[in-house]
Amino acid sequence: MDIAEDRGRFNTMMKTLGIHQPEAGIAINYSQAFNEAKRIGYPVLVRPSYVIGGRAMEIVYDERDLERYLKEAVKVSNEHPVLIDDFLDNAVEIDVDAICDGKDVLIGAIMEHIEEAGIHSGDSACVIPRSP
């Protein structure tokens, strides 16, 4: 979880593994948040770091939306950076439930979200797609 939430370490790991990902950034103050969102381009997906399941995740469409989000939804600081990601329109979000004993992996289900991104994973509606 620590690597996934530390955007710098996560981005380095993804590049090392050759895995493509949406443009992303972090902000520890309002100025950085506005600069990162402008660099990435609206709409962006914003959420606090180090939360489980997307709590307080939201899609923001412009600077006014971002300002409201920062004032109402999160506390932005060195200890509480905000994650800012490029919002991928028409993307498919999936959850994979799996367990591993360090050697073998058992996949219990692969579920597809049926609502737009930004819904808390614990509150999401999912379906298990049928195999072809």
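Start by selecting Ile84. Leaving out residues up to four places away in sequence, Ile84 touches Glu23, Ala24, Gly25, Ala27, Ala33, Glu36, Ala37, Ile40, Val44, Leu45 and Val46; a contact here means heavy atoms within 4.5 Å. Before going on, know that this is a predicted model, where local features need pLDDT of at least 70 and side-chain atom pairs count only at pLDDT 80 or more, while totals for chains, interfaces and linings use all residues. Residues are numbered from 1 along each chain as its sequence is written, and side-chain values use heavy atoms, with hydrogens and water left out.

**Stop 1: the whole chain**

Zoom out and switch to a cartoon view. You'll find 4 helices and 7 strands, taken as DSSP runs numbered from the N terminus (helices are H or I, at least four residues; strands are E, at least two). Follow the chain along its sequence and the pattern reads α-α-β-α-β-β-α-β-β-β-β. Of the 132 residues in the protein, 31% are buried; buried means under 20% relative accessible area, exposed means over 50%, and partly exposed is in between (1.4 Å probe, protein chains only). Turn on the surface and about 8,800 Å² is exposed, with carbon and sulfur atoms supplying 54% of it; these areas come from the Shrake-Rupley method with a 1.4 Å probe, and for residues only the protein chains shown count as cover.

**Stop 2: helix H2**

Select residues 7-17, which make up H2. Show the side chains of Arg7, Phe10, Asn11 and Met14, which are buried. These four sit on the same side of H2 because they cover an arc of only 95 degrees around the axis, going by the directions from the helix axis to the C-beta atoms. Spin to the other side of H2 and you'll meet Thr12 and Thr16, both exposed. Just after H2 comes Gly18, with a positive phi near 75 degrees.

**Stop 3: the open sheet**

Now pick out S1, S4, S2 and S3. In that order, these 4 strands form an open sheet with antiparallel pairing; two strands pair if DSSP finds at least two bridges between them. At the edges are S1 (24-27) and S3 (58-60), each pairing on one side only. From one strand to the next, the twist averages 30 degrees. Look between S1 and S4 and you'll find 4 bridges, in the antiparallel sense, with Ile26 standing opposite Leu83 in S4.

Bring the helices back. H3 packs on the sheet and touches S1, S2 and S4, and its direction makes about 170 degrees with that of S1. H4 also packs on the sheet, touching S2, S3 and S4, with its direction at about 145 degrees to that of S3. For these angles, axes are lines fitted to C-alpha atoms, for helices over the stretch in contact, and angles run from 0 to 180 degrees between N-to-C directions.

**Stop 4: the core**

Which residues have the most contacts inside the largest nonpolar core? Select Val44, Val46, Leu66, Tyr69, Leu70, Val82 and Ile84, from a core of 14 residues. Such a core is a set of buried Ala, Val, Leu, Ile, Met, Phe, Trp, Tyr and Cys residues joined through side-chain atoms within 4.5 Å. H3 (30-40), S2 (44-48), H4 (63-72) and S4 (82-86) each supply at least two of its residues, and H3 gives the most, with 4.

While you're in H3, click on Glu36. Is Glu36 buried or exposed? At 18% relative accessibility, Glu36 counts as buried. Apart from neighbours within four places in sequence, Glu36 is in contact with Ala24, Gly25, Ile26 and Ile84.

**Stop 5: two loops**

Go to Pro43, in the loop between H3 and S2. A cis peptide bond joins Tyr42 to Pro43, with omega about -5 degrees. Then jump to Asn90, in the loop between S4 and S5. The phi of Asn90 is positive, near 65 degrees, in a residue other than glycine. With 72% relative accessibility, Asn90 counts as exposed.

**Stop 6: the last strands**

Finish with S5 (94-100) and S6 (105-113), which run antiparallel and are joined by 7 bridges. Ile94 stands opposite Glu112 in S6. S5 and S6 form a hairpin with 4 residues between them, and Gly102 in the turn has a positive phi of about 95 degrees. Next, select S7 (126-127), joined to S6 by 2 bridges and antiparallel to S6. There, Val127 is the bridge partner of Glu112.
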